[in-house]
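Visitor: I am new to this structure and would like a close look at a single part of it, with the rest of the chain brought in around that part. Please take your time and connect the pieces as you go.

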Amino acid sequence: MDDAQRTVLITGCSSGLGLETAVELAGRRWRVVASMREPGKRAALDARTREAGLEPLDVVPLDVTDAGSAQRGVAAALELTGGRLDALVNNAGTASGGAFEDTDEEEWRRVLDTNLFGAMRLTQLVLPVMRQQRSGRLVLVSSDSARYGNPALSLYCSSKWALEGWAESLAYEVEPFGVRVVLVEPGNYDTAIWATTPRITPPDSAYTGLLQTVERFVEEEHLPRSRDPREVARAVARVLTASRPAFRVQVGPDARIAAVLNKIPYRVSSAAVRQLTGLNRWKP
Ligand SMILES: NC(=O)c1ccc[n+]([C@@H]2O[C@H](COP(=O)([O-])OP(=O)(O)OC[C@H]3O[C@@H](n4cnc5c(N)ncnc54)[C@H](OP(=O)(O)O)[C@@H]3O)[C@@H](O)[C@H]2O)c1
């Protein structure tokens with residue numbers, strides 16, 4: 001796919017990886033429709049486009065958990081692009097920290113509705129256009145967490161594992177129509193998600209020690225190693241321009257390690273996770 005005036009719709013462009021991907025692709029002369037659930041939050045995107053010497057991007061409101069909003073967002077994007085869509089980047093995402101037993105069904109649904117059903121909703125809306133074009137790229141921003149279980153992150157992991165199983169199956173159906181599916185698996189990147197992720201920590205939790213151990217690992221080991229989100233933006237741009245991108249694209253060292261963890265026996269990978277997080281020293 002050559003990138004001259006190609007058109008792309010990206011979800012979750014108010015911050016982080018979505019914002020940087022929008023700027024990166026606009027810098028490569030893509031026609032970018034940057035969507036966000038609250039367009040009032042476009043200031044950060046505008047500041048980055050200015051800094052990059054670009055014109056302000058088209059922003060459309062789009063909440064991936066709301067079928068009507070998703071429909072209106074895709075329609076608005078198609079109006080801006082003259083009905084063509086070369087790529088959709090399903091980036092919008094959320095996480096949830098806490099021991100599974102302490103979570104409730106509302107929280108399960110919030111995470112799955114955003115990370116899994118959100119991507120499904122958007123994909124179903126753009127597929128008719130891409131099928132008709134006989135071309136298109138569906139990029140799904142997954143995670144290294146799709147490759148191994150993470151303590152205190154079970155809802156997030158379940159959403160990304162499900163996303164990958166769905167995507168792998170979908171690819172068989174749409175590739176004959178010229179539509180390619182790609183899973184981008186970032187490792188650890190410096191975005192708002194780490195601070196905004198709700199921590200479910202009831203005072204009477206049986207897992208307080210586990211949560212503290214994991215939080216300490218995140219604060220002391222994980223976050224200091226967070227990388228520049230523009231790395232992921234460049235990886236997405238490469239996926240969109242490569243003639244034959246890989247189906248799964250790991251971005252960053254953590255993602256490459258996660259891909260290895262996924263291939264070794266669980267006995268070994270889980271011991272490594274316990275050791276790394278300090279959970280091997282936790283006893284209830
Ligand atoms: N950062 C990492 O280390 C990392 C690693 C692996 C994978 N990822 C994945 O990367 C993606 C982007 O996350 P990020 O790290 O860039 O975090 P972020 O800065 O928190 O960005 C998340 C984006 O998703 C949007 N969003 C959340 N719920 C939405 C909804 N219902 N409808 C539309 N947009 C919604 C947020 O909008 P609001 O501003 O309105 O909340 C925000 O724009 C996620 O899928 C995440 O799982 C991140």
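Guide: Ser159 is found in helix 5, and since the model is a predicted one, everything said about this residue and its surroundings is computed from predicted positions. At 0% relative accessibility Ser159 counts as buried, because the cut-off for a buried residue is anything under 20%. Once its neighbours within four places in sequence are set aside, Ser159 is in contact with Val111, Leu112, Asn115 and Leu116.

Leu155 also has its place in helix 5, and with a relative accessibility of 6% Leu155 counts as buried. Not counting residues up to four places away in sequence, Leu155 touches Ser96, Phe100, Thr103, Glu107, Trp108, Val111 and Leu112. Val111 and Leu112 therefore appear in the list for Ser159 as well as in the list for Leu155. For a sense of distance across the chain, the C-alpha atoms of Leu155 and Val236 are separated by 25 Å, with their positions 81 residues apart along the chain.

Just before this helix comes Ala152, whose place is in the loop between strand 6 and helix 5, the helix that covers residues 154-174. The phi of Ala152 is near 65 degrees, a positive value in a residue other than glycine. Most residues other than glycine have a negative phi. As for its surroundings, Ala152 has a relative accessibility of 15% and counts as buried.

Arg134 makes a useful companion to Ala152. Arg134 lies in the loop between helix 4, which covers residues 105-133, and strand 6, and although Arg134 is not a glycine, its phi is positive, at about 65 degrees. Unlike Ala152, which counts as buried, Arg134 counts as exposed, with a relative accessibility of 53%.

Helix 4 itself holds Gln124, a residue that is exposed, with a relative accessible area of 64%. The C-alpha atoms of Gln124 and Gln71 are separated by 10.0 Å, while the two residues are 53 apart along the chain.

Stepping back from these helices, one can ask how the interior is arranged. The largest nonpolar core has 31 residues, and of these Val8, Val32, Leu45 and Leu240 touch the most other members. Several elements each supply at least two residues of this core, among them strand 1 (7-10), helix 1 (16-27), strand 6 (136-141), helix 8 (230-241) and strand 9 (248-251). Apart from this core lies another, of 30 residues, which includes Val60, Trp166, Ala171 and Val181.

Further along the chain, Arg244 is found in the loop between helix 8 and strand 9. Arg244 is exposed, with a relative accessible area of 70%, and its C-alpha lies 9.1 Å from that of Arg180, a residue 64 positions away in sequence.

Phe217, which lies in helix 7 (residues 208-222), is buried, with a relative accessible area of 13%. Leaving out residues up to four places away in sequence, Phe217 touches His222, Leu276 and Thr277. Its C-alpha and that of Glu231 are separated by 23 Å, although the two residues are 14 apart along the chain.

The whole chain gives these details their setting. Its secondary structure comes to ten helices and nine strands, and its radius of gyration is 19 Å, close to the 19 Å that the globule rule gives for 284 residues, so the chain is as compact as a globular protein of that length. Taken along the principal axes, the C-alpha atoms fill a box of roughly 60 × 40 × 35 Å. Of the 284 residues, 50% are buried, and among contacts between residues at least 6 apart in sequence, 74% join residues at least 24 apart. The chain exposes about 13,700 Å², of which carbon and sulfur atoms supply 52%. Finally, the chain has 35 positive and 35 negative charges, and the mean positions of the two sets are 6 Å apart.

Key:
Residues are numbered from 1 along each chain as its sequence is written. This is a predicted model: local features need pLDDT of at least 70, side-chain atom pairs count only at pLDDT 80 or more; totals for chains, interfaces and linings use all residues. Side-chain values use heavy atoms; hydrogens and water are left out. Helices (H or I, at least four residues) and strands (E, at least two) are DSSP runs, numbered from the N terminus. The radius of gyration is taken over C-alpha atoms; the globule rule is 2.2 Å times the number of residues to the power 0.38. Buried means under 20% relative accessible area, exposed over 50%, partly exposed in between (1.4 Å probe, protein chains only). Contact means heavy atoms within 4.5 Å. Accessible areas come from the Shrake-Rupley method with a 1.4 Å probe; for residues, only the protein chains shown count as cover. Lys and Arg count as positive and Asp and Glu as negative; His and the chain ends are not counted. The place of a charge is taken as NZ of Lys, CZ of Arg, CG of Asp or CD of Glu. A nonpolar core is a set of buried Ala, Val, Leu, Ile, Met, Phe, Trp, Tyr and Cys residues joined through side-chain atoms within 4.5 Å.
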